[in-house]
Amino acid sequence: MKCVFSDGQIKIDDHPVQIRSGAIHYFRTRPEQWRDRLVKLRQCGLNTVETYCAWHLHEKYEGEFDFSGILDVAAFIRLAGELGLMVMVRPGPYICSECDLGGLPGWLLGKPGMRLRCNNPQYLDAVKKYFSRLLPQLTPLQCTHGGPIIAMQVENEYGDSFCGGTAHLEKIREMLLAEEVDVQLFTSDGETPAYLYGGTLPSLPAAVNCRNNPDAAFDRLDSINTGYANPHLVMELWVGMGWHWGRTPLHHHENDVASDIRALMAGKNHFNCYMFHGGTNFGFTSGANYEPAGNQYISRLTSYEVDAILDEGGNATPKYFAVQSVIEEFCPGSTSAPAPHAGVAYPPIEATEYVSLAASLDQLSAPIRRPLPEPMENFGQSFGLIMYTTTVHRFNSGPHRLFGMRDRAIVMLNGNPIATLYRNDPDCSFELSVAEDNSRLDILVENMGRINFAPIMDEERKGLTGCARAGITMQLEDWEIRPLPLDSVSGLNFTRQLPSSSEPGFYRGWLNVDKPEDTYLKFPRGVRGYVWINGVNIGRYWNIGPQYTLYVPRPLLHEGSNEIVIFELHGLLETRLEFSDHRLIGPMGRLVQS
């Protein structure tokens, strides 16, 4: 079988087809739930699934590749094919997708002279090594080899988010071909002429990304002389809105989405709904955005529901039925009713065990000595937190300022928190009052998610580069640095002694389950932290909203006793943990059931 984009059409074995696609990311959905989500995509009337490939997860540490479990992209694609779906793959290396650093591994930034998303030799060498491991997972599944993959994208939104010209796109295309990719290649970008000029190749078809009035976007695409008769494909038909911490969630109404689908169906054009099912930014993987107005950094939620067609728990939304109705009108008999995927509110439990971060450092990390602080990427670390420790004396008392701090720091003197600083603060300063010589100063810095868009990504090194007395050139020197990627929290020495202070620490409770079902853990009564269910990090929480529950997928639970570990950065006010049968989301400080 062969799929080609030619003469303004998409053809499979010379027969015109209409691509009706939805985006599902294998790395944001538990493998045991892939079938449920893919079946519901078909029941909605779609015939294709699209997915990105997550370099930052497949190569979390340089040279260590993982394609197992939730990262088994080949298994996801094979399953889609078994269910009768075609597949479009966007292998990157850059994917944006609101991921940390746009899906590029953070350790890249630890290499001297590294520049991202251009023909920098170090960057190209890293991409080549990644492709040499990723693409052999995919090439046997191309439609030219009897598989379901009909097309692959070259890079992602290069004109929209980089505007660097075509030289780098051409290099990525050559790398894909060198790894025996022989399905149709294409590019996609925002709909403005500048974006399309900057992100297209004359040798490849181009697609557009937009919402509202796709016909106007196609007119702009047609006005660009790419040298190719482009089929009218909206590679990202934005059906929802991305959500950030501390911001009221925005919604794209289902009637507006249905209107776009109707226009595309009537024009016999092609589309990919972004997202059909968003899923969850498990662990530390969510990214962030930068707002030039006000020089503001804003981080993304743990939930990647993004107002999608299928919600985080796999339930059909009103948007699902609106889209399904339009497709059924144009393709009678192509849809069917999706099964509900209800959650359960388990009884509350208590977190009865505790151990402080300070007492756990030797279990979690080995110390590294440096004269001055260095960012985590210098130690090959991409995710998590990093601790900087030095000794201070009475003469060090006074105002101090942190340099290169990203993104959130807790300053502690002799184990007692004295300041919390955020990268949006004007000067990242704090008052240091040292009563005794040889006091211990700890600065715990959290990576809240790297910016995932635009050239500013080159500057997203996390941690700290210095701490000095404000107003004078007196740097604090001789630091002990402990990277804290928190890949595992097993082996911690929990006790029944709960803390009396607000220092960072780990709490543990046990949930007894007769029958595992999806559930939603209400945010613990603290400020900010992370949760592990049976050893799996399900993401971060923050009491500023608008998200107020963490999704706990059924596959993470088992019959009997289930371990829940909470890493709270400021001490829990209460140790009671509660569950909901549905998500809780709303504006800052106000819950809304949905």
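Is Arg423 buried or exposed? Select Arg423 in this predicted model and check. Arg423 is buried, with a relative accessible area of 16%, because the cut-off for buried is under 20%.

**Stop one: the partner of Arg423.** Now add Glu460. The two side chains meet in a salt bridge, 3.0 Å from N to O. Glu460 is buried too, at 0% relative accessible area. The pair links distant parts of the chain, 37 residues apart. Arg423 sits in the loop between strand 19 (416-422) and strand 20. Glu460 lies in the loop between strand 21 (439-446) and strand 22.

**Stop two: the sheet.** Show strands 20, 17 and 22. They form an open sheet in the order 20-17-22, with antiparallel pairing. Strand 20 (429-432) and strand 22 (466-469) stand at the edges, each with a single partner strand, so one side of each has no neighbour in the sheet. From one strand to the next, the twist averages 30°. Next, zoom in on strand 17 (residues 398-403): four bridges join it to strand 20. Pick Gly398; its bridge partner in strand 20 is Leu432.

**Stop three: Arg482 and Asp362.** Select both. Their salt bridge has its closest N and O atoms 3.0 Å apart. Arg482 is in strand 23 (residues 479-484) and Asp362 in helix 11 (residues 357-364), 120 residues apart. Arg482 is buried at 7% relative accessible area, whereas Asp362 is exposed at 61%.

**Stop four: Asp442 and Arg440.** These side chains form a salt bridge at 2.9 Å, N to O. Asp442 is buried at 5%; Arg440 is partly exposed at 36%.

**Last stop: a network.** Select Asp362, Arg369, Asp478, Glu480 and Arg482. Salt bridges with shared partners join them into one network. The structure holds 39 salt bridges.

Terms used. Residues numbered from 1 in each chain as written. Predicted model: local features only at pLDDT ≥ 70, side-chain atom pairs only at ≥ 80, totals over all residues. Heavy atoms only, no water. Pairing = 2+ DSSP bridges. Helix = DSSP H or I, 4+ residues; strand = E, 2+ residues; numbered from the N terminus. Axes fitted to C-alpha atoms, helices over the stretch in contact; angles between N-to-C directions. Salt bridge = Lys/Arg side-chain N within 4 Å of Asp/Glu carboxyl O. Buried < 20%, exposed > 50% of the residue type's maximum accessible area, 1.4 Å probe, protein only.
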